[in-house]
Amino acid sequence: MNRSVILQGSSRSVGDTSKIVNYIAKSNGIDIIDLNTKNIGHYDYDYKNKDDDFLGLVTHIIESYDTIIFATPVYWYSMSGIIKVFFDRISDLIRIYKNTGRKLRGKNMAMISCSNSDDLKEGFSMPFVESANYLGMHYLGDIHTYIENGTINNAVKLRIDDFIKTINPKI
């Protein structure tokens, strides 16, 4: 198995982040999972959300893919709430479903951020890098993209293509 998936974490299933995700997925044969279409509750210590979509989804991802690429819009200088909730729920894999969580070890992680300008603040990728390290995953890198006037400009397409080539040997 050497498959990749993009976990799209935008509050809009069809928005700027999806334009970037679809551009990447189409030209590279990468699957997309839109987290906005899933019912994933917030992490809680009593596991009240154990019957939502998280465990089935993350189990499918772990069993089906070697590389997980998180795609998030930049909301208030940070990852989207949808991605943050997904990350928080990984705690379930550390506390309850440990055998499933251990299967993340050795997998690859990358991150794509998207906004309306080329102005990503330093440190944005830190939660992704450190989470990969903590989970024993290989962090392949990250890229910031942006949409201008509803389209991906050629400079951003080149940036994306170079990024995919960089992580492609591991995809």
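A residue counts as buried when its relative accessible area is under 20%, as exposed when that area is over 50%, and as partly exposed in between. The structure above is a predicted model, and the burial classes recur throughout this walk through its contacts. Asp88 shows how the classes work: its relative accessible area is 26%, so Asp88 is partly exposed. Lys84, at 38% relative accessibility, also counts as partly exposed.

These two residues form a salt bridge, with 2.4 Å from N to O between their side chains. Both belong to helix H3, where they sit four residues apart, or about one turn of the helix. The bridge between Asp88 and Lys84 is one of five salt bridges found in a search of the whole structure.

Next to Asp88 in the numbering comes Arg89, and here the setting changes. The side chain of Arg89 meets that of Asp52 in a salt bridge, at 2.6 Å from N to O. Arg89 lies in helix H3 (residues 81–95), whereas Asp52 lies in the loop between strand S2 (31–34) and helix H2 (54–64), so this pair ties together parts that are 37 residues apart in sequence. Both partners, Arg89 and Asp52, are buried.

Arg89 has a further salt bridge, to Asp92, whose closest N and O atoms are 2.8 Å apart. This contact stays inside helix H3: Arg89 and Asp92 are three residues apart, which separates them by about one helical turn. Asp92 is buried, as is Arg89. Taken together, Asp52, Arg89 and Asp92 are linked in a network of salt bridges.

Helix H3 also takes part in aromatic contacts. The count of aromatic pairs comes to eight. One of them joins Phe70 and Phe87, with 4.8 Å from centre to centre and 45° between the planes, a tilted arrangement. Phe70 is in strand S3 (residues 67–73) and Phe87 in helix H3, 17 residues apart, and the pair links distant parts of the chain. Phe70 has a relative accessibility of 2% and therefore counts as buried. Phe87, at 12%, counts as buried too.

Phe87 pairs with Phe128 as well. Their ring centres are 5.2 Å apart and their planes stand at 85°, so this pair is edge-to-face. Phe128 lies in helix H5 (residues 126–135) and Phe87 in helix H3, so the contact ties together parts that are 41 residues apart in sequence. Both Phe87 and Phe128 are buried. The three rings described so far belong to one aromatic cluster, formed by Phe54, Phe70, Phe86, Phe87, Phe124 and Phe128.

The last feature is empty space. Rolling a probe the size of a water molecule over the atoms shows where such space is left. The structure holds one cavity of 30 Å³ or more, and the largest cavity has a volume of about 70 Å³. Which residues line the largest cavity? They are Leu7, Val58, Ile61, Ile68, Phe70, Phe86, Ile90, Leu104, Met109, Leu135 and Met137. Helix H2, strand S3 and helix H3 each supply at least two residues of this lining. By residue class, the lining divides into 11 nonpolar, no polar and no charged.

Two members of the aromatic cluster, Phe70 and Phe86, are thus also found among the lining residues of the largest cavity. Helix H3 appears at each stage: in the salt bridge between Asp88 and Lys84, in the aromatic pair of Phe70 and Phe87, and in the lining of the largest cavity.

How values were computed. Residues are numbered from 1 along each chain as its sequence is written. This is a predicted model: local features need pLDDT of at least 70, side-chain atom pairs count only at pLDDT 80 or more; totals for chains, interfaces and linings use all residues. Side-chain values use heavy atoms; hydrogens and water are left out. A salt bridge is a side-chain nitrogen of Lys or Arg within 4 Å of a carboxyl oxygen of Asp or Glu. Buried means under 20% relative accessible area, exposed over 50%, partly exposed in between (1.4 Å probe, protein chains only). Rings of Phe, Tyr and Trp (its six-membered ring) pair if their centres lie within 6.5 Å; planes under 30 degrees apart count as stacked, over 60 as edge-to-face and the rest as tilted. On a 1 Å grid over the protein atoms alone, a cavity is a set of points where a 1.4 Å probe fits but cannot get out, and a pocket is an open set with protein on both sides within 12 Å along at least five of seven lines; lining residues have an atom within 4 Å of a point. Grid points are joined across faces, edges and corners, and a volume is the space filled by probe spheres set on the points. Ala, Val, Leu, Ile, Met, Phe, Trp, Tyr, Cys and Pro count as nonpolar, Asp, Glu, Lys and Arg as charged, and the others, Gly among them, as polar.
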